[in-house]
Amino acid sequence: MHKQLMKGNEAIMRSAILAGCRAFYGYPITPASEITEAAALYLPQVGGVFLQAESEVAAINMLYGASSAGVRCMTASSGPGISLMQEGISYMAGAELPCVIADITRGGPGLGNICSEQGDYHQVVKGGGNGNYRTLVLAPNSAQEMADLTALAFELADRYRNPVVLLADGFTGQMMEPVEFTQAAVLPKAPEWAVRGTVESRGNLITSLHMAADELEAHVLMLEEKYRSAEACETLAEEWQTEDAEIVLVGYGIVGRILKAVTAEARADGIKVGLLRPITLYPFPVESFKAHARRARVFVVVEMSNGQMVEDVRLALNGARPVEFLNRMGGNVPSHEEVLRFVRRLARDFSHPVQEKERLTHV
């Protein structure tokens with residue numbers, strides 16, 4: 001299929017329909033509103049359902065119902081709306097209901113502003129609802145990845161019977177870029193566990209309620225087993241110029257694109273810099289960090305937040321290498337120039353060669 005110029009937000013919805021999504025429930029919010037608009041335009045054309053709910057609370061509970069019936073479904077919002085959905089997301093994870101949620105992040109806390117930021121990492125990756133659960137989280141950095149990772153999100157949601165979040169900053173949602181849709185259109189049959197109002201599905205029960213302590217513990221342990229499986233099988237990361245890197249730059253979403261430009265310019269100056277961009281924020285690509293810690297002298301995390309993913313980077317490295325942090329907030333973007341200055345300073349500070357004994361310390 002030929003490439004088409006479109007916003008990242010629209011690419012999400014077009015890809016979702018190709019992936020078999022036939023129901024969308026949501027409430028518009030900047031900078032995610034184009035997803036809702038595209039759902040309203042395209043879903044009726046394929047026999048699907050679009051409904052603008054009265055609130056984000058209503059939307060996530062409508063998603064619960066559609067998923068219970070075995071329909072591939074999704075919603076989209078931004079920080080304040082995602083906050084309102086947290087209870088429903090916990091319910092869906094507890095009831096093992098697949099769905100896709102697009103979070104196109106804006107500045108916070110509270111109403112904040114409509115500028116692009118990355119402050120939703122904690123509430124999405126760590127889980128903002130009650131109880132012991134996780135959502136799988138994918139972080140695109142281009143309109144093309146908005147399309148590609150949406151298709152993957154629906155596959156993972158069904159594979160693990162769990163909500164999957166597409167976490168993208170406002171820039172990635174609003175940018176217009178060429179997009180090619182390479183996947184074949186699918187429309188999966190309703191799964192055996194779904195409640196369809198038929199004789200065959202009469203015995204099915206969708207719930208997150210387990211009154212007995214031992215029963216709930218067994219259920220949570222089963223969920224944990226699924227998450228461990230995802231951690232072993234589903235991690236994704238982009239690694240660029242990392243083979244001999246002594247300074248590894250780490251960032252996701254739009255920041256990853258800035259860091260790639262910085263890497264290229266630093267390399268031209270003779271500084272051994274590489275880029276490690278997590279694509280799955282959960283499960284986090286821990287093994288990639290461990291592998292590069294054998295050569296790298298220092299890791300530099302750059303975020304458009306007060307420092308949220310940096311905690312996972314430090315946990316992944318477990319003290320094996322120092323982690324430096326550079327950030328902007330409120331809708332400000334780390335500039336190419338300020339990141340490059342930061343890298344050049346670190347190159348001077350960590351200029352002595354890496355010894356083999358040091359490479360293996362704590363790794």
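# Exercises on a predicted model

The structure holds 4 aromatic pairs. Keep in mind that this is a predicted model. Let us work through it together.

## Exercise 1: A pair of rings

**Task.** Classify the pair formed by phenylalanine 24 and phenylalanine 50 from the angle between the ring planes, and find which strands the pair links.

**Solution.**

1. Start with the geometry: the ring centres of phenylalanine 24 and phenylalanine 50 are 6.0 Å apart, and the planes meet at 20 degrees.
2. Planes under 30 degrees apart count as stacked, so phenylalanine 24 and phenylalanine 50 are a stacked pair.
3. Now place the two residues. Phenylalanine 24 belongs to strand β2 and phenylalanine 50 to strand β3, so the pair, 26 residues apart, links distant parts of the chain.
4. Finally, look at accessibility. Phenylalanine 24 is buried, at a relative accessible area of 0%, whereas phenylalanine 50 is partly exposed at 24%.

## Exercise 2: Another pair, and a cluster

**Task.** Describe the pair of phenylalanine 289 and phenylalanine 299, then name the aromatic cluster that includes these two residues.

**Solution.**

1. For phenylalanine 289 and phenylalanine 299, the distance is 6.0 Å centre to centre and the angle between the planes is 40 degrees, a tilted pair.
2. Phenylalanine 289 sits in helix α10 (residues 286-292) and phenylalanine 299 in strand β13 (residues 298-303); they are 10 residues apart, and the pair links distant parts of the chain.
3. Both phenylalanine 289 and phenylalanine 299 are buried.
4. The cluster is made up of Phe284, Phe289 and Phe299.

## Exercise 3: Looking into the cavity

**Task.** Find out which residues line the largest cavity and which helix gives the most to that lining.

**Solution.**

1. Begin with the count: there is 1 cavity of 30 Å³ or more, and the largest cavity holds about 50 Å³ of space.
2. The lining consists of Ile82, Gln86, Ile89, Ile101, Gln123, Val124, Tyr133, Thr135 and Val165.
3. Sort these residues by character: 6 are nonpolar, 3 are polar and none is charged.
4. Next, match them to helices. At least two lining residues come from α4 (79-94), and at least two from α5 (121-127).
5. Helix α4 gives the most, with 3 residues.
6. A general point helps here: an α-helix has 3.6 residues a turn, so residues three or four places apart point the same way.

## Exercise 4: Threonine 75 and its surroundings

**Task.** Decide whether threonine 75 is buried or exposed, and identify the backbone oxygen that lies 2.5 Å from a polar atom of its side chain.

**Solution.**

1. Locate the residue: threonine 75 is part of strand β4 (residues 73-77).
2. Buried means under 20% relative accessible area; threonine 75 has 0%, so it is buried.
3. The backbone oxygen in question belongs to tyrosine 25.
4. Beyond four places in sequence, threonine 75 touches several residues, among them Phe24, Tyr25, Met85 and Ile101.
5. Strand β4 also appears in the cover of another element: along with α1 (8-18), β2 (23-26), β3 (49-52) and β5 (99-105), it is included in what covers the buried residues of α2.
6. Those buried residues of helix α2 (residues 33-42) are Ser33, Ile35, Thr36, Ala38, Ala39 and Tyr42.

## Exercise 5: Backbone surprises

**Task.** Find the cis peptide bonds that lead into proline 31 and proline 109, and then look at the phi of glutamate 96 and of glutamine 241.

**Solution.**

1. Recall the background: most residues other than glycine have a negative phi, and most peptide bonds are trans.
2. Threonine 30 and proline 31 are joined by a cis peptide bond, with omega about 10 degrees; proline 31 lies in the loop between β2 and α2.
3. Glycine 108 and proline 109 are likewise joined by a cis peptide bond, with omega about 10 degrees; proline 109 lies in the loop between β5 and α5.
4. Glutamate 96 has a positive phi of about 60 degrees. It is found in the loop between α4 and β5, and it is buried, at 15% relative accessible area.
5. Glutamine 241 also has a positive phi of about 60 degrees. Its loop runs between β9 (237-240) and β10 (247-250), and glutamine 241 is partly exposed at 31%.

How values were computed
Residues numbered from 1 in each chain as written. Predicted model: local features only at pLDDT ≥ 70, side-chain atom pairs only at ≥ 80, totals over all residues. Heavy atoms only, no water. 1 Å grid on protein atoms, 1.4 Å probe; cavity = no way out; pocket = protein on both sides within 12 Å on 5 of 7 lines; lining within 4 Å. Points joined across faces, edges and corners; volume = space filled by probe spheres on them. Helix = DSSP H or I, 4+ residues; strand = E, 2+ residues; numbered from the N terminus. Nonpolar A, V, L, I, M, F, W, Y, C, P; charged D, E, K, R; others polar. Buried < 20%, exposed > 50% of the residue type's maximum accessible area, 1.4 Å probe, protein only. Polar contact = N/O pair within 3.5 Å; in protein donor to acceptor, adjacent residues only side chain to side chain. Contact = heavy atoms within 4.5 Å. Phe/Tyr/Trp six-rings, centres within 6.5 Å; stacked < 30°, edge-to-face > 60°.
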